[in-house]
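Good morning, and thank you for making time for this presentation. I would ask you to keep the sequence and the structure in view while I speak.

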Amino acid sequence: MGDTSETPEEDIEVQQVDDLELPGEEGLDVDGEENNKELGRHGERVAAYFLRRQDYEILERNWVCRYGEADIIARDEDGTLVFVEVKTRRTIETGLPEEAVNAQKQSRYERIAMSYLMLHDEEEYQVRFDVIAICVTRKDRAFLRHHIGCFDRSCVA
């Protein structure tokens, strides 16, 4: 996601997540046996769980339109409609998870948001784009970074 040195401290929430085993599910396979698609799905479940604990209302998960898929669409406690891209990685050898959210992905997400808003135009919405980056360190632990409003600050590579 580019250089975040200009990003205000309060706009990135970093948490160590010690319990990745969600109720009724096994933890993440950090040894690489789990395929990337399953790793991503599990990361999205963890992100949704995290957002609920932060008092977000999850409106949609894996919402699909002709422009692609929004991982999570939520409403925060202020009523802002939040489109969340979730990136999960086992290692940082190829970079931090959030670095995969480039300008092309940002543009695609904006089209997805516009499509969603056109279908849900009965209300006025404040809209924000967030990224949740999850780096798994072991089966039951990961670090989660919640980049709040990152498309608005041009913090995307």
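Before I come to the hairpin, one definition is needed: two strands are taken as paired if DSSP finds at least two bridges between them. Please also bear in mind that this is a predicted model.

With that criterion, let me begin with strands E2 and E3. Strand E2 covers residues 57-65 and strand E3 covers residues 68-75; the two run antiparallel and are joined by 7 bridges. The connection from E2 to E3 is a hairpin of 2 residues. To fix the register, find Ile 58, which stands opposite Ala 74 in E3.

Let me now place this hairpin in the overall fold. The protein has 2 helices and 6 strands, and their order along the sequence is β-α-β-β-β-α-β-β. Of the 157 residues, 46% are buried. Among the contacts with a separation of 6 or more, 61% are between residues 24 or more positions apart. The accessible surface comes to about 8600 Å², and carbon and sulfur atoms account for 42% of that surface.

Two backbone details deserve attention around E2. Asp 55 is not a glycine, yet its phi is positive, at about 70°. Asp 55 belongs to the loop between helix H1, residues 36-53, and E2. Is Asp 55 buried or exposed? Its relative accessible area is 54%, and the threshold for exposed is over 50%, so Asp 55 is exposed. The second case is Asn 62, again a residue other than glycine with a positive phi, here about 55°. Asn 62 lies within strand E2 itself. With a relative accessible area of 30%, Asn 62 is partly exposed.

I turn next to the interior. In soluble globular proteins, nonpolar side chains tend to be buried together. Here the largest nonpolar core has 17 residues, and those with the most contacts inside it are Leu 51, Ile 72, Val 84, Val 86, Ile 132 and Ile 134. Which elements each supply at least two residues of this core? They are H1, E3, strand E4 (81-89), strand E5 (127-138) and strand E6 (141-147). H1 gives the most to this core, with 6 residues. A second, separate core has 16 residues, including Ala 70, Val 101, Tyr 125 and Cys 150.

Val 86 is a useful residue from which to view the larger of these cores. Leaving aside its neighbours within four places in sequence, Val 86 is in contact with Gly 43, Glu 44, Ala 47, Asp 71, Ile 72, Ile 132 and Ile 134.

From Val 86 we can step across to Pro 97. These residues are 11 apart along the chain, and their C-alpha atoms are separated by 8.6 Å. Pro 97 is in the loop between E4 and H2, and at 1% relative accessibility Pro 97 counts as buried. Beyond its neighbours within four places in sequence, Pro 97 is in contact with Lys 87, Thr 88, Arg 89, Ala 133, Ile 134 and Cys 135.

The aromatic residues form my next topic. A pair of aromatic rings is described by the distance of the centres and the angle of the planes. A search of the whole structure finds 3 aromatic pairs. In one of them, the rings of Trp 63 and Tyr 116 have centres 5.1 Å apart and planes at 85°, so the pair is edge-to-face. This pair links distant parts of the chain: Trp 63 sits in strand E2 and Tyr 116 in helix H2, residues 103-119, with their positions 53 residues apart in number. Trp 63 is buried, at 11% relative accessibility, and Tyr 116 is buried at 4%. Ring pairs join Trp 63, Phe 83, Tyr 116 and Phe 129 into a cluster.

Finally, the cysteines. A disulfide is a covalent bond between the sulfur atoms of two cysteines. How many disulfides are counted in this model? The count is 0, where a disulfide requires a pair of cysteine sulfur atoms within 2.5 Å. Cys 135 has a relative accessible area of 18%, and buried means under 20%, so Cys 135 is classed as buried. Cys 150 is buried too, at 0% relative accessibility.

To close, I return to the hairpin: E2 and E3 run antiparallel, and Trp 63 in E2 pairs with Tyr 116 in H2. Thank you for your attention.

Definitions and conventions. Residues are numbered from 1 along each chain as its sequence is written. This is a predicted model: local features need pLDDT of at least 70, side-chain atom pairs count only at pLDDT 80 or more; totals for chains, interfaces and linings use all residues. Side-chain values use heavy atoms; hydrogens and water are left out. Buried means under 20% relative accessible area, exposed over 50%, partly exposed in between (1.4 Å probe, protein chains only). Helices (H or I, at least four residues) and strands (E, at least two) are DSSP runs, numbered from the N terminus. A nonpolar core is a set of buried Ala, Val, Leu, Ile, Met, Phe, Trp, Tyr and Cys residues joined through side-chain atoms within 4.5 Å. Contact means heavy atoms within 4.5 Å. Rings of Phe, Tyr and Trp (its six-membered ring) pair if their centres lie within 6.5 Å; planes under 30 degrees apart count as stacked, over 60 as edge-to-face and the rest as tilted. Accessible areas come from the Shrake-Rupley method with a 1.4 Å probe; for residues, only the protein chains shown count as cover.
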